[in-house]
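Here's a walk through one chain, written for someone who would rather look at residues than read tables. Keep the viewer open as you go.

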Amino acid sequence: MEDNEPANSSPIPFEIKNYLLETSKWGKFLAIVGYVGIGLIILMALVVLIGFSFFNPVMDNNLNLRGVGLIYLVIAVVYYFPINYLHRFSRQIKLGITGNDEQSLTSGFENLKSLFKFMGIFTIITLSIYALFLFILLPVSVLFMK
């Protein structure tokens, strides 16, 4: 039996390839903006950690700026993972479509899966923290207000 398709053709339709290429361009743009955002968050953390330490004797002792700076660093570290998955997805999809490379396409979609998995787990953690505040800390705070 002969195959009717040429040997160099791809099983992915042309329209889907165009959608994937456009998605990879927007993904790359968002990843670059995300990396810049991470840089700004780290810069802000360093300003809070180092810069405001010079003003510490002047400022109120109740304001814990080291904690704020560390929170900024944690946010930057957490934010890095989805941005990195998005960047790798965009790069691999573009390589796979332009080079007709199935392994790059597979790697790109694997990174997209990792991005969604990370965001899902992060959403579950965030909702759990909200539930903790709502069902435990809110009633306890009402008890102590009396």
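## Ground rules

Two residues are in contact when heavy atoms of theirs lie within 4.5 Å. By that rule, and not counting residues up to four places away in sequence, Gln92 touches Ser104, Leu105, Ser107, Gly108 and Asn111.

What you're looking at is a predicted model: local features need pLDDT of at least 70 and side-chain atom pairs count only at pLDDT 80 or more, while totals for chains, interfaces and linings use all residues. Numbering starts from 1 along each chain as its sequence is written, and side-chain values use heavy atoms, with hydrogens and water left out.

## The overall layout

The chain has three helices and zero strands, so in order from the N terminus you read α-α-α. (Those come from DSSP runs, numbered from the N terminus: H or I over at least four residues for a helix, E over at least two for a strand.) Of the 146 residues, 23% count as buried; buried means under 20% relative accessible area, exposed means over 50%, and partly exposed is in between, using a 1.4 Å probe and protein chains only.

Take the contacts between residues at least 6 apart in sequence: 66% of them join residues at least 24 apart.

## Helix H1

H1 has 36 residues and spans 52 Å from its first C-alpha to its last, close to the 52 Å expected at 1.5 Å a residue. That expected span is 1.5 Å times one less than the number of residues.

Which way do its buried residues face? The buried residues of H1 pack against H2 and H3. Among them are Lys17, Leu20, Ser24, Gly27 and Ala31, and further along Ile38, Ile41 and Val48.

## How H2 and H3 pair up

Two packed helices are described by the angle between their axes and the distance between the axes. For H2 and H3, the axes come within 7 Å and cross at roughly 160°; axes here are lines fitted to C-alpha atoms, for helices over the stretch in contact, with angles from 0 to 180 degrees between N-to-C directions. H2 and H3 are therefore roughly antiparallel, a label for angles over 145 degrees (under 35 is roughly parallel, 65 to 115 roughly perpendicular, the rest oblique). H2 passes H3 in a left-handed crossing, meaning the near helix is turned anticlockwise from the far one by less than a right angle; clockwise would be right-handed.

The H2 side of this meeting includes Val78, Phe81, Tyr85 and Phe89, and the H3 side includes Leu112, Phe118 and Phe122. Gln92 sits in H2 and is buried, at 14% relative accessible area. Over in H3 you'll find Glu110, which is partly exposed at 48%. The C-alpha atoms of Glu110 and Phe89 are 7.7 Å apart, though 21 residues separate them along the chain.

## The nonpolar core

A nonpolar core is a set of buried Ala, Val, Leu, Ile, Met, Phe, Trp, Tyr and Cys residues joined through side-chain atoms within 4.5 Å. The largest one here has 14 residues, with Leu86, Phe89, Ile93, Ile97 and Leu115 making the most contacts inside it. H1 (14-49), H2 (65-98) and H3 (102-145) each supply at least two residues, and H2 gives the largest share, seven.

Leaving aside neighbours within four places in sequence, Ile97 is in contact with Lys17, Leu20, Leu21 and Leu105.

## One loop residue to check

Asn100 lies in the loop between H2 and H3. Its phi is positive, about 50°, although Asn100 is not a glycine. Asn100 is partly exposed, with a relative accessible area of 41%.
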